[in-house]
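Subject: Structure handover and notes

Dear colleague,

I am passing on the structure we spoke about, so that you can open it beside this message. Please look through it once before reading further.

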Amino acid sequence: MTARPDLVVLGAGVSGLSTGIRLAESGARVLVRTAAPPAHTTSALAGAMIGPNLSPPGDPQRAWTDESLRVFGDEPMPGVAWRDGTLAARPAGATPPFAEQTPGFRPLGEDERPAGFGTAFAVRLPLVDMPVYLAYLLERLRDAGGEVRVAPVGSLDEAATVAPVVINCAGLGARTLTGDGELHPVRGPRVVVRNPGLDRFFMEAPMAPTWASIFPHGDHVVLGGGQRHSDDATPDPAEAADIVARCAAVEPALAGVEVLEHTVGLRPGRATPRVEAERRGDALVVHNYGHAGNGVMLSWGCARDAAALALGAVPTA
Ligand SMILES: Cc1cc2nc3c(=O)[nH]c(=O)nc-3n(C[C@H](O)[C@H](O)[C@H](O)COP(=O)(O)OP(=O)(O)OC[C@H]3O[C@@H](n4cnc5c(N)ncnc54)[C@H](O)[C@@H]3O)c2cc1C
(Lines give C-alpha, C1' and ligand atoms only; values in the text may rest on other atoms or scores of the structure.)
Protein backbone atom coordinates (compact mmCIF):
# COMPACT_ATOMS: atom_id res chain seq x y z
CA MET A 1 0.00 0.00 0.00
CA THR A 2 1.64 3.24 -1.12
CA ALA A 3 -1.07 5.77 -0.15
CA ARG A 4 -1.75 6.45 3.55
CA PRO A 5 -4.38 3.96 4.76
CA ASP A 6 -7.84 5.28 5.67
CA LEU A 7 -7.94 2.93 8.61
CA VAL A 8 -5.57 0.77 10.59
CA VAL A 9 -6.92 -2.41 12.16
CA LEU A 10 -4.98 -3.79 15.13
CA GLY A 11 -5.06 -7.60 15.19
CA ALA A 12 -5.37 -10.40 12.65
CA GLY A 13 -7.53 -12.81 14.62
CA VAL A 14 -11.12 -13.46 13.60
CA SER A 15 -12.24 -10.01 14.86
CA GLY A 16 -9.56 -8.05 12.99
CA LEU A 17 -9.86 -9.98 9.74
CA SER A 18 -13.69 -9.91 9.66
CA THR A 19 -13.75 -6.19 10.44
CA GLY A 20 -10.96 -5.54 7.93
CA ILE A 21 -12.97 -7.36 5.25
CA ARG A 22 -16.12 -5.33 5.95
CA LEU A 23 -14.06 -2.13 5.68
CA ALA A 24 -11.99 -3.07 2.62
CA GLU A 25 -15.03 -4.40 0.76
CA SER A 26 -16.68 -1.00 1.39
CA GLY A 27 -13.86 0.63 -0.56
CA ALA A 28 -11.66 1.84 2.29
CA ARG A 29 -7.85 1.50 2.24
CA VAL A 30 -7.18 -0.89 5.12
CA LEU A 31 -3.89 -1.74 6.79
CA VAL A 32 -3.86 -4.48 9.44
CA ARG A 33 -1.03 -4.31 11.98
CA THR A 34 -0.70 -7.45 14.06
CA ALA A 35 1.61 -8.90 16.68
CA ALA A 36 1.22 -12.40 15.19
CA PRO A 37 -0.02 -13.86 11.91
CA PRO A 38 -3.57 -15.29 11.88
CA ALA A 39 -2.39 -18.89 12.37
CA HIS A 40 -0.78 -17.92 15.69
CA THR A 41 -3.70 -16.10 17.27
CA THR A 42 -6.17 -17.31 19.91
CA SER A 43 -8.69 -17.45 17.09
CA ALA A 44 -6.77 -20.29 15.44
CA LEU A 45 -7.38 -22.40 18.56
CA ALA A 46 -11.17 -22.07 18.73
CA GLY A 47 -13.38 -25.17 18.28
CA ALA A 48 -15.34 -23.45 16.84
CA MET A 49 -19.10 -23.69 17.31
CA ILE A 50 -21.41 -20.89 16.11
CA GLY A 51 -24.48 -20.60 18.32
CA PRO A 52 -26.88 -21.46 19.73
CA ASN A 53 -28.16 -17.94 20.26
CA LEU A 54 -29.25 -17.98 23.90
CA SER A 55 -29.03 -14.22 24.59
CA PRO A 56 -32.32 -12.49 25.40
CA PRO A 57 -33.91 -10.02 22.97
CA GLY A 58 -32.38 -6.56 23.38
CA ASP A 59 -28.93 -7.93 24.33
CA PRO A 60 -26.43 -6.81 21.65
CA GLN A 61 -24.91 -10.30 21.74
CA ARG A 62 -28.19 -11.66 20.38
CA ALA A 63 -28.05 -9.33 17.35
CA TRP A 64 -24.33 -10.02 16.80
CA THR A 65 -24.90 -13.79 16.88
CA ASP A 66 -27.88 -13.51 14.53
CA GLU A 67 -25.76 -11.56 12.04
CA SER A 68 -22.98 -14.18 12.18
CA LEU A 69 -25.50 -17.00 11.71
CA ARG A 70 -26.98 -15.10 8.74
CA VAL A 71 -23.55 -14.69 7.12
CA PHE A 72 -22.52 -18.30 7.75
CA GLY A 73 -25.91 -19.38 6.34
CA ASP A 74 -25.85 -17.16 3.25
CA GLU A 75 -22.20 -17.40 2.18
CA PRO A 76 -20.46 -20.77 1.81
CA MET A 77 -16.90 -20.30 3.09
CA PRO A 78 -13.90 -22.65 3.33
CA GLY A 79 -13.63 -24.24 6.76
CA VAL A 80 -17.30 -23.68 7.62
CA ALA A 81 -19.77 -26.60 7.62
CA TRP A 82 -23.29 -26.82 9.03
CA ARG A 83 -23.43 -30.00 11.11
CA ASP A 84 -25.89 -31.94 13.21
CA GLY A 85 -24.98 -32.30 16.84
CA THR A 86 -26.10 -32.59 20.44
CA LEU A 87 -26.14 -30.00 23.22
CA ALA A 88 -26.45 -31.53 26.68
CA ALA A 89 -26.47 -30.80 30.40
CA ARG A 90 -26.18 -33.17 33.36
CA PRO A 91 -29.34 -32.08 35.27
CA ALA A 92 -32.80 -32.92 33.92
CA GLY A 93 -35.05 -30.08 32.77
CA ALA A 94 -32.11 -27.78 31.94
CA THR A 95 -33.11 -26.71 28.42
CA PRO A 96 -32.19 -22.99 28.39
CA PRO A 97 -34.58 -20.24 27.24
CA PHE A 98 -34.55 -19.66 23.46
CA ALA A 99 -32.86 -23.04 22.76
CA GLU A 100 -35.93 -24.25 20.89
CA GLN A 101 -35.37 -21.49 18.30
CA THR A 102 -32.09 -23.14 17.24
CA PRO A 103 -32.12 -24.72 13.75
CA GLY A 104 -32.89 -28.45 13.92
CA PHE A 105 -33.98 -28.30 17.58
CA ARG A 106 -35.34 -31.61 18.82
CA PRO A 107 -35.35 -32.80 22.46
CA LEU A 108 -33.62 -36.18 22.83
CA GLY A 109 -35.31 -38.95 24.80
CA GLU A 110 -33.56 -40.95 27.52
CA ASP A 111 -32.51 -43.67 25.05
CA GLU A 112 -30.82 -41.08 22.79
CA ARG A 113 -28.96 -39.13 25.51
CA PRO A 114 -25.37 -39.94 26.51
CA ALA A 115 -25.11 -41.63 29.93
CA GLY A 116 -25.19 -39.16 32.82
CA PHE A 117 -27.02 -36.39 30.93
CA GLY A 118 -30.56 -35.51 32.03
CA THR A 119 -31.07 -32.91 29.29
CA ALA A 120 -30.04 -33.19 25.66
CA PHE A 121 -31.33 -31.85 22.38
CA ALA A 122 -30.33 -32.11 18.75
CA VAL A 123 -29.43 -28.96 16.78
CA ARG A 124 -27.86 -28.00 13.47
CA LEU A 125 -25.17 -25.29 13.67
CA PRO A 126 -22.08 -24.10 11.78
CA LEU A 127 -18.77 -25.61 12.91
CA VAL A 128 -15.64 -23.78 11.84
CA ASP A 129 -12.25 -25.35 11.18
CA MET A 130 -10.33 -22.26 12.26
CA PRO A 131 -6.94 -22.64 10.53
CA VAL A 132 -8.70 -23.17 7.18
CA TYR A 133 -11.20 -20.38 7.81
CA LEU A 134 -8.59 -17.83 8.94
CA ALA A 135 -6.51 -18.53 5.81
CA TYR A 136 -9.63 -17.84 3.74
CA LEU A 137 -10.36 -14.57 5.62
CA LEU A 138 -6.78 -13.42 5.07
CA GLU A 139 -6.98 -14.11 1.34
CA ARG A 140 -10.39 -12.41 1.07
CA LEU A 141 -9.07 -9.32 2.85
CA ARG A 142 -6.08 -9.14 0.51
CA ASP A 143 -8.33 -9.64 -2.53
CA ALA A 144 -10.27 -6.56 -1.37
CA GLY A 145 -7.04 -4.53 -1.29
CA GLY A 146 -6.26 -4.87 2.43
CA GLU A 147 -2.68 -5.26 3.59
CA VAL A 148 -1.53 -7.24 6.63
CA ARG A 149 1.76 -6.45 8.34
CA VAL A 150 3.19 -8.39 11.28
CA ALA A 151 4.31 -5.33 13.25
CA PRO A 152 2.61 -4.71 16.62
CA VAL A 153 1.86 -1.18 17.77
CA GLY A 154 3.10 -0.06 21.17
CA SER A 155 0.11 2.19 21.90
CA LEU A 156 -3.14 3.53 20.45
CA ASP A 157 -1.42 6.89 20.01
CA GLU A 158 1.23 5.23 17.86
CA ALA A 159 -1.54 3.55 15.84
CA ALA A 160 -3.18 6.96 15.33
CA THR A 161 -0.04 8.16 13.55
CA VAL A 162 -0.55 5.38 10.98
CA ALA A 163 -4.14 6.29 10.06
CA PRO A 164 -6.80 8.69 11.35
CA VAL A 165 -9.15 5.83 12.26
CA VAL A 166 -7.93 2.93 14.42
CA ILE A 167 -9.92 -0.27 14.92
CA ASN A 168 -8.75 -2.05 18.04
CA CYS A 169 -9.24 -5.81 17.51
CA ALA A 170 -6.23 -6.79 19.62
CA GLY A 171 -7.99 -9.44 21.74
CA LEU A 172 -6.16 -9.85 25.03
CA GLY A 173 -3.51 -7.43 23.70
CA ALA A 174 -6.10 -4.67 24.23
CA ARG A 175 -5.29 -4.89 27.97
CA THR A 176 -1.98 -3.14 27.40
CA LEU A 177 -3.31 -0.80 24.73
CA THR A 178 -6.33 0.45 26.69
CA GLY A 179 -5.63 -0.37 30.36
CA ASP A 180 -9.09 -2.00 30.46
CA GLY A 181 -9.16 -3.71 33.87
CA GLU A 182 -12.20 -5.79 32.91
CA LEU A 183 -10.25 -7.68 30.24
CA HIS A 184 -8.62 -10.84 31.60
CA PRO A 185 -7.10 -14.10 30.29
CA VAL A 186 -9.24 -17.23 30.36
CA ARG A 187 -7.15 -20.35 29.85
CA GLY A 188 -8.59 -22.79 27.31
CA PRO A 189 -6.98 -26.15 26.52
CA ARG A 190 -7.53 -27.71 23.09
CA VAL A 191 -6.76 -31.27 22.07
CA VAL A 192 -6.83 -32.35 18.43
CA VAL A 193 -7.21 -36.07 17.74
CA ARG A 194 -7.44 -38.23 14.64
CA ASN A 195 -11.11 -38.65 13.69
CA PRO A 196 -12.24 -42.22 14.46
CA GLY A 197 -15.26 -41.69 12.15
CA LEU A 198 -17.41 -39.05 13.90
CA ASP A 199 -19.52 -36.56 11.99
CA ARG A 200 -21.88 -35.29 14.72
CA PHE A 201 -20.65 -32.72 17.25
CA PHE A 202 -21.31 -32.67 20.99
CA MET A 203 -21.20 -29.83 23.51
CA GLU A 204 -21.83 -29.95 27.24
CA ALA A 205 -23.12 -27.02 29.30
CA PRO A 206 -22.61 -25.26 31.61
CA MET A 207 -19.10 -24.41 30.43
CA ALA A 208 -17.43 -24.05 33.83
CA PRO A 209 -14.94 -25.02 34.97
CA THR A 210 -14.68 -28.16 32.80
CA TRP A 211 -16.87 -29.81 30.19
CA ALA A 212 -16.75 -32.11 27.17
CA SER A 213 -16.87 -30.73 23.64
CA ILE A 214 -16.36 -32.76 20.49
CA PHE A 215 -16.08 -30.92 17.16
CA PRO A 216 -15.32 -33.14 14.12
CA HIS A 217 -13.67 -31.49 11.11
CA GLY A 218 -13.15 -34.22 8.52
CA ASP A 219 -9.98 -36.13 9.36
CA HIS A 220 -9.54 -34.63 12.82
CA VAL A 221 -11.64 -33.76 15.88
CA VAL A 222 -11.12 -30.79 18.20
CA LEU A 223 -11.81 -31.70 21.84
CA GLY A 224 -12.32 -29.31 24.80
CA GLY A 225 -12.88 -27.99 27.30
CA GLY A 226 -11.97 -26.04 30.27
CA GLN A 227 -11.79 -22.47 31.42
CA ARG A 228 -10.12 -20.75 34.31
CA HIS A 229 -8.79 -17.29 34.97
CA SER A 230 -5.07 -17.69 34.20
CA ASP A 231 -2.48 -16.30 31.85
CA ASP A 232 -0.56 -19.57 31.86
CA ALA A 233 -0.69 -20.99 28.33
CA THR A 234 1.59 -23.95 29.09
CA PRO A 235 0.05 -27.25 27.95
CA ASP A 236 -0.58 -29.66 30.84
CA PRO A 237 -0.60 -33.37 29.84
CA ALA A 238 -2.88 -34.30 32.77
CA GLU A 239 -5.40 -31.66 31.68
CA ALA A 240 -5.33 -33.03 28.12
CA ALA A 241 -5.79 -36.61 29.36
CA ASP A 242 -8.82 -35.49 31.40
CA ILE A 243 -10.34 -33.88 28.33
CA VAL A 244 -9.90 -37.00 26.21
CA ALA A 245 -11.37 -39.14 29.04
CA ARG A 246 -14.41 -36.84 29.48
CA CYS A 247 -15.04 -36.84 25.72
CA ALA A 248 -14.57 -40.62 25.46
CA ALA A 249 -17.15 -41.09 28.22
CA VAL A 250 -19.64 -39.35 25.91
CA GLU A 251 -18.36 -40.82 22.63
CA PRO A 252 -16.68 -44.22 23.22
CA ALA A 253 -15.06 -44.18 19.75
CA LEU A 254 -12.64 -41.57 21.18
CA ALA A 255 -11.16 -43.97 23.76
CA GLY A 256 -7.46 -44.49 23.01
CA VAL A 257 -7.59 -42.23 19.97
CA GLU A 258 -4.34 -40.76 18.59
CA VAL A 259 -3.61 -37.24 19.89
CA LEU A 260 -2.28 -35.06 17.07
CA GLU A 261 -1.92 -31.73 18.88
CA HIS A 262 -2.35 -30.23 22.34
CA THR A 263 -2.28 -26.47 22.81
CA VAL A 264 -3.66 -23.86 25.20
CA GLY A 265 -5.25 -20.56 24.19
CA LEU A 266 -5.99 -17.50 26.29
CA ARG A 267 -9.48 -16.22 25.59
CA PRO A 268 -9.96 -12.45 25.89
CA GLY A 269 -12.33 -12.61 28.88
CA ARG A 270 -14.75 -9.77 29.54
CA ALA A 271 -18.35 -9.71 30.82
CA THR A 272 -19.43 -8.30 27.44
CA PRO A 273 -17.40 -7.45 24.33
CA ARG A 274 -16.45 -3.79 23.95
CA VAL A 275 -17.68 -2.47 20.60
CA GLU A 276 -17.70 1.32 20.75
CA ALA A 277 -15.96 4.41 19.40
CA GLU A 278 -13.73 6.75 21.37
CA ARG A 279 -12.15 10.07 20.30
CA ARG A 280 -8.41 10.39 21.00
CA GLY A 281 -7.32 13.84 19.90
CA ASP A 282 -7.83 13.98 16.15
CA ALA A 283 -8.12 10.22 15.83
CA LEU A 284 -11.15 7.98 16.15
CA VAL A 285 -10.56 4.66 17.89
CA VAL A 286 -13.20 1.97 17.43
CA HIS A 287 -12.87 -0.89 19.91
CA ASN A 288 -13.87 -4.45 19.03
CA TYR A 289 -12.38 -6.75 21.66
CA GLY A 290 -13.22 -8.85 24.72
CA HIS A 291 -15.25 -11.62 23.07
CA ALA A 292 -14.27 -14.24 25.69
CA GLY A 293 -15.29 -17.73 24.49
CA ASN A 294 -17.57 -16.46 21.71
CA GLY A 295 -15.40 -14.47 19.35
CA VAL A 296 -16.04 -16.57 16.27
CA MET A 297 -19.76 -16.71 16.98
CA LEU A 298 -19.93 -12.93 17.37
CA SER A 299 -17.42 -12.10 14.63
CA TRP A 300 -19.61 -10.98 11.72
CA GLY A 301 -22.05 -9.11 13.96
CA CYS A 302 -19.32 -7.19 15.79
CA ALA A 303 -17.49 -6.58 12.50
CA ARG A 304 -20.63 -5.06 11.01
CA ASP A 305 -21.10 -2.66 13.94
CA ALA A 306 -17.41 -1.77 14.31
CA ALA A 307 -17.12 -1.13 10.57
CA ALA A 308 -20.20 1.12 10.64
CA LEU A 309 -18.71 3.18 13.49
CA ALA A 310 -15.40 3.48 11.63
CA LEU A 311 -16.75 4.18 8.14
CA GLY A 312 -18.77 7.10 9.48
CA ALA A 313 -15.39 8.83 10.02
CA VAL A 314 -13.95 8.00 6.59
CA PRO A 315 -15.43 10.44 4.06
CA THR A 316 -13.66 8.89 1.08
CA ALA A 317 -14.80 5.31 1.71
C1 LIG B 1 -9.79 -23.57 23.33
C2 LIG B 1 -10.69 -22.46 22.81
C3 LIG B 1 -11.92 -22.80 22.23
C4 LIG B 1 -12.75 -21.81 21.75
N5 LIG B 1 -13.93 -22.17 21.15
C6 LIG B 1 -14.75 -21.21 20.64
C7 LIG B 1 -15.96 -21.56 19.98
O8 LIG B 1 -16.32 -22.75 19.87
N9 LIG B 1 -16.73 -20.55 19.46
C10 LIG B 1 -16.36 -19.24 19.55
O11 LIG B 1 -17.09 -18.39 19.07
N12 LIG B 1 -15.22 -18.88 20.19
C13 LIG B 1 -14.41 -19.83 20.75
N14 LIG B 1 -13.26 -19.47 21.41
C15 LIG B 1 -13.02 -18.04 21.66
C16 LIG B 1 -12.38 -17.36 20.48
O17 LIG B 1 -11.21 -18.05 20.11
C18 LIG B 1 -12.05 -15.90 20.83
O19 LIG B 1 -13.16 -15.24 21.35
C20 LIG B 1 -11.60 -15.18 19.57
O21 LIG B 1 -10.53 -15.87 18.97
C22 LIG B 1 -11.19 -13.74 19.81
O23 LIG B 1 -10.74 -13.25 18.56
P24 LIG B 1 -9.97 -11.89 18.43
O25 LIG B 1 -9.68 -11.71 17.00
O26 LIG B 1 -10.76 -10.82 19.12
O27 LIG B 1 -8.64 -12.10 19.29
P28 LIG B 1 -7.29 -12.93 18.91
O29 LIG B 1 -7.59 -14.12 18.08
O30 LIG B 1 -6.60 -13.13 20.21
O31 LIG B 1 -6.49 -11.92 18.05
C32 LIG B 1 -5.90 -10.78 18.61
C33 LIG B 1 -4.97 -10.18 17.58
O34 LIG B 1 -4.42 -8.98 18.09
C35 LIG B 1 -3.02 -8.97 17.86
N36 LIG B 1 -2.38 -8.05 18.79
C37 LIG B 1 -2.26 -8.12 20.13
N38 LIG B 1 -1.61 -7.04 20.60
C39 LIG B 1 -1.33 -6.26 19.52
C40 LIG B 1 -0.66 -5.01 19.34
N41 LIG B 1 -0.15 -4.33 20.37
N42 LIG B 1 -0.53 -4.51 18.08
C43 LIG B 1 -1.05 -5.17 17.01
N44 LIG B 1 -1.68 -6.36 17.13
C45 LIG B 1 -1.83 -6.88 18.37
C46 LIG B 1 -2.63 -10.43 18.01
O47 LIG B 1 -1.35 -10.70 17.44
C48 LIG B 1 -3.77 -11.07 17.23
O49 LIG B 1 -3.51 -10.99 15.86
C50 LIG B 1 -12.39 -20.44 21.88
C51 LIG B 1 -11.15 -20.12 22.45
C52 LIG B 1 -10.31 -21.10 22.91
C53 LIG B 1 -8.98 -20.73 23.50
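Below are notes on the ligand, on a set of paired strands, and on two loop residues.

Please keep in mind throughout that this is a predicted model, and that the values below were computed from it.

I would begin with the ligand. In the model, 36 residues surround the ligand, and the closest of them are S15, T34, S43, M49 and A292. Sorted by character, the residues of this shell divide into 18 nonpolar, 16 polar and two charged. Three contacts to oxygen atoms of the ligand are worth finding on your screen. In the side chain of S43, an N or O atom is 2.5 Å from a ligand oxygen atom, while in the side chain of T42 an N or O atom is 3.4 Å from an oxygen atom of the ligand. At M297 the contact comes from the backbone, where an N or O atom lies 2.8 Å from an oxygen atom of the ligand. Taken on its own, the ligand has 1000 Å² of accessible area, and the protein covers 91% of that. The elements that give two or more residues to the shell are α1 (14-24), β2 (30-34), β8 (184-194) and β13 (259-269), and β13 gives the most, with three residues.

Where does the ligand lie with respect to domain 1 and domain 2? Domain 1 consists of 1-79 + 129-182 + 271-317, and domain 2 of 83-125 + 184-269; because both give residues to the shell around the ligand, the ligand lies between them.

Helix α1, which appeared among the elements of the shell, is mostly covered, as eleven of its eleven residues are buried. Among these buried residues of α1 are S15, G16, R22 and L23.

The next thing to trace is strand β10 and its two partners. Strand β10 (residues 210-217) has seven of its eight residues buried, so β10 is largely enclosed by the rest of the structure. On one side of this account is strand β9 (residues 201-205), which runs antiparallel to β10 and is joined to it by two bridges. To locate this pairing, look for M203, whose bridge partner in β10 is S213. Together β9 and β10 form a hairpin, with four residues between them. The other partner is strand β11 (residues 220-226), which also runs antiparallel to β10 and is joined to it by six bridges. Here F215 has V222 as its bridge partner in β11. A hairpin is formed by β10 and β11 too, with two residues between them, and G218 in the turn has a positive phi of about 65°.

Finally, there are two loop residues to compare with the buried segments. Is G181, placed in the loop between α5 (174-178) and β8, buried or exposed? Its relative accessibility is 75%, and because exposed means over 50%, G181 counts as exposed. G181 and A307 are 126 residues apart in sequence, and their C-alpha atoms are 25 Å apart in space. N294 sits in the loop between β15 (283-289) and α7 (299-311), and with a relative accessibility of 31% N294 counts as partly exposed. N294 is 25 residues from G269 in sequence, and 9.7 Å from G269 in space, C-alpha to C-alpha.

With best wishes

Terms used:
Residues numbered from 1 in each chain as written. Predicted model: local features only at pLDDT ≥ 70, side-chain atom pairs only at ≥ 80, totals over all residues. Heavy atoms only, no water. Buried < 20%, exposed > 50% of the residue type's maximum accessible area, 1.4 Å probe, protein only. Pairing = 2+ DSSP bridges. Near = heavy atom within 4 Å. Polar contact = N/O pair within 3.5 Å; in protein donor to acceptor, adjacent residues only side chain to side chain. Areas by Shrake-Rupley, 256 points an atom, 1.4 Å probe, with all protein chains shown as cover. Nonpolar A, V, L, I, M, F, W, Y, C, P; charged D, E, K, R; others polar. Domains from an automatic or database assignment.
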